[in-house]
Amino acid sequence: MTDVIKFEKHGAIGVITIDNPPANALSFAAKKGISDNFQACLKDDTCKGVVITGAGRMFVAGADISEFGKPTPEGYPELENNIRDIELSPKPVVAALNGLALGGGMELAMGCHYRIAMPAVSVGQPEVHLGFIPGGGGTQRLPRLVGIERALEMIVGGNPIDAATAVEYGALDEIVEGDLVARAIELAEQLADSGEAPRQTGAQTDKISDVDPQIFEDWRKKIAPKSRNMESPFECINTVEASTKMDIVEGLAFERETFVRLMMTAEAKSMRHMFFAEREVAKIPDVPKDTPVQEIKKAAIIGSGTMGGGIAMNFANAGISVVVVDIAQEALDAGLEKVNSNYAGSVSRGRITQDKMDQCMGLISGTTEYADLADVDIVIEAVFEEMELKKKIFAELDKVCKPETILASNTSSLDINEIATATNRPDKVCGTHFFSPANIMKLMENVRTKDSSKETVATIMGLAKTLRKTGVLVGVGDGFVGNRMLHISARIAEFMVEEGALPWQVDKVIYDFGFPMGPFAMNDLAGVDVRFLIREEQKKLYGDRRQSVIIDRLYETGRYGQKTNAGWYKYEDGSRKGEPDPFTEDLIVKTSAELGFERRDFSDEEILETYLYSMINTGAKVLEEGLAIRSGDIDVVWHYGYGFPRYWGGPMFYADLIGLPKIYEKVCELSERYGEWAAPSALLKSLAEEGKGFKDYTPS
Ligand code: NAD
């Protein structure tokens, strides 16, 4: 017996309690404990029925992911056999869901003959979020309980449902307001005394008979655009479809075969990596969990422009009152009006209620007076990207704010160490780099300066959580982590265009890889003028590097992107979908000639490798310079900030999948073509030579 499973006899009913904190995960030991106790109940003639429940706040949150990929130890049961034994048991088994039942937990419950739950319970099959399918009978039993459409919704969508909905669907039998286990024992006794054979989920067929196969085709079509390059969502559909064509034994075997295959795909490995990386990112080696944090009850945002308004919305959404400052009343009014219309849009789309909007708007106030900021706990500055302006503002804030107020900048590229010199509290100065649109994008690059205190770091990492963002701690450096990597790859993409590729060809390759859009479409969205200004800054910083000339030519024509209905693409009739434009092509060809390039063909493979490997090489530099703590942190930045597909695990994990020697070789080639700035990072070189991956690298 194992100590993660407790057993007690209540009269003639055996109660098995899963007690494997914090999530009651179905580890090898837990599965063995359930099986051993259950088999003992079957053998015990004084035992008439069984209850399975969980200790603490969870029933079972799922499998033990840390054991994935490890072989089951000798003598330990597989979950699906455990569940099948329970289903076939002649003695009734009642699942008493005291808390969340996800994945294997839901599957265990569905193998039981009866399922009762406390009101706040949620149940679901989230496996698709980890790149595989339910493997303990979920794809076969859930359709039998809730029908095909709802099973697809739950298994392909992967999102949990609440107890009341689960009862309505048929996934649960009863909600218990009082003593859950007492009710489960009572039920088990009644079922045993009824003399009827226990109700087996696997034997039910009424909800899976006469299903129109078109439903599966429709689902495949529906998910195709969002499931590019993925297998697991389609295999979820295939296995649910199998439940309508096979009996339970064949169906379970088919599910098993598919599950085992999917567990080993790059997709599942990558998504598993992201799952862990997202959790790891909150851990800062020298900032322990018990570091004191400052309570944030009131915030201020300086600048009510594109970013300021969105950042203010994040605070209001989290119930924190926020005051927005702008230089002139007119700018402030326009900024607050934009916030108002953003909320109104959400109300009209049914995303939030009018009440919620009123509540949020009630938390946002505006002022043109810095003196109004005396009592705020944090200030986030989001004014124009100019060092002198920012320093002036920080000096002013230092004067008017209380001594403990944290002063943060949303700068995308400026040196926050320098901004901090304008204050007498450099330990309280940091960066909180939001991504646009700030009310939507999940990423917050939290920037630690050389003087930011541990308390400041802990507070802004905690703030990210409060604002429902993913906070990644980064160091001060040109473009921090994300933009530094982006700018190198974007520039190289522009070089490819100058040398022979076309923007739409590059964009298609990057889109097909899985990004939401390619670099040129993204540039049209963010503004060609913005890219031009960044490029001007880069020229100042790195005058010796080749800089793209095509940006100048495009900028000179006034084609700034979507905002002028023309950039790399043309946008007709206010459409946001750009069309390739002969004008741009002509401009590109002329620029190539001007630069003395004989245009050549680029294969899709060359485009992809050039773009991604230069990004990865920059990531390696970021890592060796200590601007990111772990390679997984860079992956999280790229997933949440730029839409790097989860099923490739982020650029650094993708590099490990490809193998670093191949990447190193390509980067050497690029460096020969473009010069020293594109040279391979020392870290990439040494890991490649040692046959290691970024995952093996721990900074000293
Ligand atoms: P913006 O031009 O849209 O807004 C800037 C606002 O600051 C304007 O409303 C302006 O009136 C106000 N302002 C100027 N001087 C001021 C002062 N002294 N006091 C108070 N308000 C003042 O700029 P933005 O795009 O929101 O960018 C703001 C900051 O965020 C910049 O540092 C930028 O680099 C950074 N950033 C921008 C993006 C983006 O996609 N736009 C993304 C990440 C970070």
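Tutor: Before we start, here's a bit of vocabulary: Ala, Val, Leu, Ile, Met, Phe, Trp, Tyr, Cys and Pro count as nonpolar, Asp, Glu, Lys and Arg as charged, and the others, Gly among them, as polar. Also keep in mind that this is a predicted model.

Student: Okay, so how do the residues of the shell around the ligand divide into nonpolar, polar and charged?

Tutor: The ligand is surrounded by 24 residues, with Met 307, Asp 326, Glu 385, Lys 390 and Ser 412 as the closest. By the sorting above, Met goes with the nonpolar group, Asp, Glu and Lys with the charged one, and Ser with the polar one. For the whole shell, the split is 12 nonpolar, nine polar and three charged.

Student: Which element gives the most to that shell?

Tutor: Let's look at the elements that each supply at least two residues: they are α12 (306-317), α15 (387-400) and β16 (429-434). The top contributor gives three residues, and that's α15.

Student: How far is an oxygen atom of the ligand from an N or O atom in the side chain of Lys 390?

Tutor: Let's start with the backbone partners. A polar backbone atom of Thr 306 sits 2.9 Å from a ligand oxygen, and for a backbone N or O atom of Val 383 the distance is 3.3 Å. With the side chain of Lys 390, the distance is 2.6 Å.

Student: And how much of the ligand's accessible area does the protein cover?

Tutor: Take the ligand on its own to begin with: it has 830 Å² of accessible area. Of that, the protein covers 79%.

Student: Switching to helix α1, what span is expected for it at 1.5 Å a residue?

Tutor: Helix α1 runs over residues 28-43, which is 16 residues. In the model it reaches 23 Å from its first C-alpha to its last. That is close to the expected value, 22 Å.

Student: Is Asn 20 buried or exposed?

Tutor: Asn 20 lies in the loop between β2 and α1. Buried means under 20% relative accessible area. Because Asn 20 has 14% relative accessibility, it counts as buried.

Student: Which residue has its backbone oxygen 2.8 Å from a polar atom of the side chain of Asn 20?

Tutor: Leave aside the neighbours within four places in sequence, and Asn 20 is in contact with Val 4, Ala 25, Ser 27 and Ala 30. Among them, the one whose backbone oxygen lies 2.8 Å from that side-chain atom is Ala 25.

Terms used:
Residues numbered from 1 in each chain as written. Predicted model: local features only at pLDDT ≥ 70, side-chain atom pairs only at ≥ 80, totals over all residues. Heavy atoms only, no water. Near = heavy atom within 4 Å. Polar contact = N/O pair within 3.5 Å; in protein donor to acceptor, adjacent residues only side chain to side chain. Areas by Shrake-Rupley, 256 points an atom, 1.4 Å probe, with all protein chains shown as cover. Helix = DSSP H or I, 4+ residues; strand = E, 2+ residues; numbered from the N terminus. Expected span 1.5 Å × (residues − 1). Buried < 20%, exposed > 50% of the residue type's maximum accessible area, 1.4 Å probe, protein only. Contact = heavy atoms within 4.5 Å.
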